[in-house]
Amino acid sequence: MDDLAGFLRTRRSRVDPAVVGIPTDRRRRVEGLRREEVAHLSGVSVDYYVRLEQGRATQPSEQVLDALARVLGLDETERGHLHRLARQRRRRAKAPGGRVRPELARVLDLVADAPALIMGHRLDVLAGNRLAGLLYGRPIPGLNTARHIFLEEAERGLYADWENCTLDVVGHLRLAAGKYPEDPRLASLIGELAMGSERFRRLWARADVRARTHGRKAYRHPLVGLLELHQENFALPDESGMELVVLSAAPDSPAEDGLRLLAGLGADSGDAHPTANAQVRAHLTDTFTTEAGRHAELAVIPELFDAVDHGAGNDLAGLLRTRAAHLFDRPVPGQDKPGRTRPGH
């Protein structure tokens with residue numbers, strides 16, 4: 001599924017000869033470094049390096065791998081990937097089973113104000129808390145984020161930064177393929193993505209690897225609009241291949257209001273007025289997230305607040321007002337409507 005030879009070829013093609021002190025002219029037709037140049041700079045024979053790229057030299061030493069990593073300008077993630085690929089023929093890692101312990105599932109439920117989920121090495125979402133399910137708008141069991149991003153979501157779908165998400169996914173799967181080269185389910189997923197997505201095929205051919213541990217993650221949610229969150233990945237112990245992923249919002253940010261609003265709108269189980277909440281969702285989708293809605297007459301907003309006041313409580317109504325003012329960047333009609341009576345007042 002992944003091999004040392006292919007990785008060396010793609011890395012070699014990306015090195016600028018001038019960076020390593022090799023003069024170039026217009027007659028040079030090779031993209032990146034020549035094989036003999038890599039061999040010379042790494043201190044190995046040309047024949048040996050050629051055999052490496054042809055897959056015929058199967059046990060390069062740690063010293064040779066470190067020299068190649070230096071010449072090819074590999075970062076820490078790529079360097080680790082190179083060493084794993086070189087060890088594949090000596091020791092094949094068994095793919096983890098992906099079972100989530102009940103104690104670990106309980107940890108997810110303790111995270112109440114942020115989407116949290118357990119991710120496997122194939123990017124299967126193995127478990128998630130309530131807010132994670134509301135964020136994705138679908139049941140968590142059975143969700144695979146690689147398939148979701150490449151085959152189920154358009155570029156204007158849930159993922160606001162879709163192109164960067166695709167880079168993360170392919171880089172992660174490349175790393176997983178290096179760790180678990182004999183995982184048939186991983187091979188099947190990669191084949192499915194390659195058959196269904198031209199972008200995946202192009203990115204996979206680049207052989208880039210990525211290990212994302214934290215960073216910005218933006219979602220364009222159909223109910224509450226843009227959510228700019230911070231993602232933290234925590235690798236779980238015991239070589240499980242699983243990660244705990246938490247998506248948090250900065251304090252007092254529009255994203256924090258958006259998550260609280262999403263949590264309130266999703267509270268159907270204890271809602272005494274499900275019909276009103278269904279109307280709220282419809283209004284939100286039409287008014288807050290479509291281009292036409294953002295420029296439409298705002299007369300509908302007071303009725304929307306009334307529906308929330310009587311269907312989901314005053315706290316949610318206040319959040320909705322804050323969110324509306326942020327989205328429209330101007331005062332919202334009816335926010336301080338005189339004579340309005342609130343339940344409990």
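This is a short tour of a sheet, two helices that pack on it, and one glutamate. Keep in mind that the model is predicted.

**Stop 1: the sheet.** Start by selecting the five strands that form an open sheet; across it, their order is β2-β1-β5-β4-β3. The pairing is antiparallel. As background, strands of a sheet pair through backbone hydrogen bonds, in either a parallel or an antiparallel way. Now colour residues 125-128 (β2) and 214-221 (β3): these are the edge strands, and each of them pairs on one side only. Turn the view and look for the twist, which averages 30° from one strand to the next.

**Stop 2: a strand pair.** Zoom in on β1, residues 116-119, which pairs with β2 in the antiparallel sense over three bridges. Which residue of β2 stands opposite L117? Select G128 to find that partner.

**Stop 3: the helices on the sheet.** Next, show α6, residues 102-110, which packs on the sheet and touches β1, β2 and β5 (243-248). The direction of α6 makes about 150° with that of β1. Then add α12, residues 254-265, another helix that packs on the sheet, touching β3, β4 (225-235) and β5. The direction of α12 makes about 90° with that of β4.

**Stop 4: E53.** Finally, move to helix α3, residues 46-53, and pick E53. Is E53 buried or exposed? It counts as buried because its relative accessibility is 1%, and the cut-off for buried is under 20%. Show side chains here: that of E53 makes a polar contact with the side chain of Y49, at 2.6 Å. Among the residues farther than four places away in sequence, E53 touches A5, L8, R9, R12 and R35.

Terms used
Residues numbered from 1 in each chain as written. Predicted model: local features only at pLDDT ≥ 70, side-chain atom pairs only at ≥ 80, totals over all residues. Heavy atoms only, no water. Pairing = 2+ DSSP bridges. Helix = DSSP H or I, 4+ residues; strand = E, 2+ residues; numbered from the N terminus. Axes fitted to C-alpha atoms, helices over the stretch in contact; angles between N-to-C directions. Contact = heavy atoms within 4.5 Å. Buried < 20%, exposed > 50% of the residue type's maximum accessible area, 1.4 Å probe, protein only. Polar contact = N/O pair within 3.5 Å; in protein donor to acceptor, adjacent residues only side chain to side chain.
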